[in-house]
Amino acid sequence: MNDLFLRACKRQRVSRTPVWMMRQAGRYLPEYRAIRAKNDFLTMVRTPEIAAEVTIQPVDLVGVDAAILFSDILVIPDAMGMNLVMEEAKGPRFPMPLRTRDDIEKLVVPDPSKQLKYVMQAIETTQRGLGKRVPLIGFSGAPWTLAAYMVEGGGTKDFRHIKRMMLDEPETLLALLKKLAVAVREYLEAQIAAGVDAVQIFDTWGGILAPDYYRKFSLDFIADIVATMRHEGVPVIVFSKGAHHALADLAAIGAEVIGVDWTVDLHDVRQLVGEKVALQGNFDPSFLYASPPRIKDEVRSILRKFGMGNGHIFNLGHGILPDVPVDHARALVQAVKEESAMYHA
Ligand code: CP3
């Protein structure tokens, strides 16, 4: 097995920096679009053979050092009875958003071996297909990010409903987050039992909260999951996009790896928390529109920022955009492979 990624998660010695890309299984790949043309998104997610095939595509086509399961963070609310709808070109939607205490009481914590059995089957099928070539990452949304979709009913710019609930009815929102924390922990434990080699918690919307609110409504629940989850030997990555003010707190909750977006300086972050955790990031996803030579320069610059030694997993600072040329994604991966060995001499 190419274990560079797992070794880097544990800050062990590696011969070069490992690289993968958030959202690497997706529409920038023509081979993904060919399968997608014949199947809707949720069918792909719920069919283990298809999910496994597109999970493995970027390993073969782009040369990444880890696979991430093809699925979505919103399968948890779906399994809780919220009926996820993926609208073409519009993104995810829940027809009946959560607005009252009663809505939240009615939600049931799913049994991952029942309502989410298809995810566990996709993990098993993917691991057979990968044949130990690279590690497989499982994932979940963080409670706060899941709650934002569930209360808003879909994507939003102003987060008006969940922020109103946070101020006017904090106990209602805390009850939802508590339920979600149990669901996320049990879901990740089931993924580990099904065979994933690492797990990532995506807190895409952590950064929209001021520090005190972030701590109370997002970080505390992530910390509780990491502290209570059985994950021996399986690294946990926490990515709370935009929550720069909380990097030191995040590094203290027991996760092995902290994800960082591109708006922070990797050198500074390493100075702050590099003795405690490995760091994952932090290439600006939009820079993949630039030419391959400029992409290579930017890769060099990030490697230089992290500097000598172990504990860096090269990644984008957020998901790859759907219309990035595949050659540019390959150029990034190739540049990391060529340019990083000197930092591990
Ligand atoms: O990283 C990977 O390659 C694994 C697969 C993966 C998907 N979604 C596939 C997907 C992962 C890890 C996710 C996580 C996810 N989903 C997040 C957290 C990470 C992030 O990007 O912030 C969020 C917020 C979602 C919710 C979601 N799913 C949105 C907002 C959308 C629509 C936007 C879009 O990109 O189309 C989705 C749909 C989705 N999830 C697609 C893919 C490949 C596109 C579906 C299609 O083919 O049309």
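**View 1. A89 sits in the loop between β2 and β3.** Strands here are DSSP runs of E of at least two residues, helices are runs of H or I of at least four, and both are numbered from the N terminus. The phi of A89 is near 65°, a positive value in a residue other than glycine. For context, most residues other than glycine have a negative phi. A89 counts as exposed because its relative accessibility is 89%; the classes are buried under 20% relative accessible area, exposed over 50% and partly exposed in between, with a 1.4 Å probe and protein chains only. A word on the model before we move on: this is a prediction, in which local features need pLDDT of at least 70, side-chain atom pairs count only at pLDDT 80 or more, and totals for chains, interfaces and linings use all residues. Residues are numbered from 1 along each chain as its sequence is written, and side-chain values use heavy atoms, with hydrogens and water left out.

**View 2. N83 also has a positive phi, near 55°.** Look for N83 in the loop between α5 (75–82) and β2 (85–87). With a relative accessible area of 46%, N83 is partly exposed.

**View 3. The ligand sits in the largest pocket.** On a 1 Å grid over the protein atoms alone, a pocket is an open set of points with protein on both sides within 12 Å along at least five of seven lines; a molecule sits in it if more than half of its atoms lie within 2 Å of its grid points. Around the ligand there are 22 residues, and the closest are R27, Y32, D72, T204 and H318; a residue belongs here if one of its heavy atoms lies within 4 Å of the ligand. Helix α2 (30–36) and strand β3 (91–93) each contribute at least two residues to this shell. By class, the shell holds 13 nonpolar, five polar and four charged residues. Nonpolar covers Ala, Val, Leu, Ile, Met, Phe, Trp, Tyr, Cys and Pro, charged covers Asp, Glu, Lys and Arg, and the others, Gly among them, are polar.

**View 4. Side chains of D72, T204 and R36 make polar contacts with the ligand.** Such a contact is a pair of N or O atoms within 3.5 Å. From D72, a side-chain N or O atom lies 2.6 Å from a nitrogen atom of the ligand. An oxygen atom of the ligand is 2.8 Å from a polar side-chain atom of R36, and for T204 a side-chain N or O atom is 2.7 Å from a ligand oxygen. The ligand taken alone exposes 860 Å², of which the protein buries 88%; these areas come from the Shrake-Rupley method with a 1.4 Å probe.

**View 5. Helix α8 (residues 143–152) is mostly covered.** In fact, 10 of its 10 residues are buried, among them W144, Y149 and E152. Just after α8 comes G153, whose phi is positive, near 90°.

**View 6. A cis peptide bond joins G281 and N282.** Its omega is about -15°. N282 lies in strand β8 (residues 278–283). As a rule, most peptide bonds are trans.

**View 7. M120 is a buried residue of helix α7 (residues 117–130).** Its relative accessibility is 8%. Between M120 and T156, 36 residues apart along the chain, the C-alpha atoms are separated by 30 Å.

Technical notes:
A polar contact is a pair of N or O atoms within 3.5 Å; within protein, one must be able to donate a hydrogen and the other to accept it, and residues adjacent in sequence count only if both atoms are side-chain atoms. On a 1 Å grid over the protein atoms alone, a cavity is a set of points where a 1.4 Å probe fits but cannot get out, and a pocket is an open set with protein on both sides within 12 Å along at least five of seven lines; lining residues have an atom within 4 Å of a point.
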